Amino acid sequence: MTEDTKPANPGVRFPPPFFFIAGLLLAWLFERRIHGLPLALQAGSLSTLRDVGYLLVLIGVGIAAWGMVTFSRAHTAIIPMKPASSLVETGPYRFTRNPMYTGITVAYLGGAFLLNSGWAMIFLPVVLLLLYRFVIRREENYLSAEFGEAYTSYRSRVKRWI
């Protein structure tokens, strides 16, 4: 691929958190309008589920924020509709190529627990499939074109998720 044919950006059309928000909203609608599918029914279990939910949301937001701060310090685009100015391999990017998406996924699980929603758990694979299809695949193709061998080497060392 020549400089002239390299994409200007990853070509992502929707902010990735929208996929997760849509999954939780759809789950909430199914819970309310179609049929409830609770993860827990008893008060003690609900309390534990809620506590775990809050913890997962906190951990997930922390992981995603760490990824955002790391990108910000590297002076590269956090928003995937914009071009990357550098390949970031520090901070959480030493462990996963997608810490922001990993964090949002963990927070989504926490949200599913807080909503006590089996539907949210059912929709999570769909959300992740859509994320891969419309965001991650495009980002990976873009980064391969933009950073070549450096990105190929990084991909061989660091997993997409964890």
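Is Arg160 buried, exposed or partly exposed? In this predicted model, Arg160 comes out as partly exposed, because its relative accessible area is 25%, which falls between the cut-offs of under 20% for buried and over 50% for exposed. Arg160 also belongs to a network of salt bridges, and that network is a good place to come back to once the overall layout is clear.

Starting with the big picture, the protein chain has four helices and zero strands. Read from the N terminus on, its elements simply run α-α-α-α. Helix H1 covers residues 17-34, H2 covers 43-73 and H3 covers 99-115, with H4 spanning residues 118-157. Taken along the principal axes, the C-alpha atoms fill a box of roughly 60 × 30 × 25 Å. Of the 162 residues in the chain, 36% count as buried. The accessible surface comes to about 9500 Å², and carbon and sulfur atoms account for 66% of it.

The contacts say something about how the chain is put together. Among those with a separation of 6 or more, 78% are between residues 24 or more positions apart. As for charge, there are 16 positive and 9 negative side chains, and the centres of the two sets lie 7 Å apart.

Now for the salt bridges. How many does a search of the whole structure find? The search turns up three. One of them joins the side chains of Glu89 and Arg157, at 2.2 Å from N to O. Glu89 sits in the loop between H2 and H3 while Arg157 is in helix H4, so this pair ties together parts that are 68 residues apart in sequence. Both partners are partly exposed: Glu89 has a relative accessible area of 29%, and Arg157 is at 49%.

Glu140 takes part in a salt bridge with Arg97, where the N to O distance is 2.9 Å. Here, too, distant parts of the chain are linked, with Glu140 in helix H4 and Arg97 in the loop between H2 and H3, 43 residues apart. Glu140 counts as buried because its relative accessible area is 7%, and Arg97 is likewise buried, at 12%. Glu140 also meets Arg160 in a salt bridge of 2.8 Å, N to O. That pair connects helix H4 with the segment after H4, where Arg160 is found, 20 residues away from Glu140. Put together, Arg97, Glu140 and Arg160 form a linked network of salt bridges.

Lys159 is found in that segment after H4 as well. What does Lys159 touch, leaving aside residues up to four places away in sequence? The answer is Phe95, Thr96 and Arg97, and Arg97 is a member of the salt-bridge network just described. Even with these contacts, Lys159 is exposed, with a relative accessible area of 57%. Its C-alpha atom is separated by 30 Å from that of Leu39, which is 120 residues away along the chain.

At the other end of the chain, a nonpolar surface patch of about 420 Å² is made by Phe14, Phe18, Ile21 and Leu25. Of these residues, Leu25 has its place in helix H1. Pro15 lies in the segment before H1 and, at 27% relative accessibility, counts as partly exposed. Pro15 and Tyr151 are 136 residues apart in sequence, and their C-alpha atoms are 23 Å apart in space.

Finally, a word on the backbone. Most residues other than glycine have a negative phi. His75 has a positive value, with phi near 55°, and Asn116 also has a positive phi near 55°. Both are in loops: His75 lies between H2 and H3, and Asn116 is found between H3 and H4. Is each of them buried or exposed? His75 counts as exposed, at 67% relative accessibility, whereas Asn116 is buried, with a relative accessible area of 15%.

Note on methods
Residues are numbered from 1 along each chain as its sequence is written. This is a predicted model: local features need pLDDT of at least 70, side-chain atom pairs count only at pLDDT 80 or more; totals for chains, interfaces and linings use all residues. Side-chain values use heavy atoms; hydrogens and water are left out. Patches are made of residues with over 30% relative accessible area and no salt bridge: like charges are joined within 9 Å, nonpolar side chains (Val, Leu, Ile, Met, Phe, Trp, Tyr) within 5 Å. Accessible areas come from the Shrake-Rupley method with a 1.4 Å probe; for residues, only the protein chains shown count as cover. A salt bridge is a side-chain nitrogen of Lys or Arg within 4 Å of a carboxyl oxygen of Asp or Glu. Helices (H or I, at least four residues) and strands (E, at least two) are DSSP runs, numbered from the N terminus. Buried means under 20% relative accessible area, exposed over 50%, partly exposed in between (1.4 Å probe, protein chains only). Contact means heavy atoms within 4.5 Å. Lys and Arg count as positive and Asp and Glu as negative; His and the chain ends are not counted. The place of a charge is taken as NZ of Lys, CZ of Arg, CG of Asp or CD of Glu.
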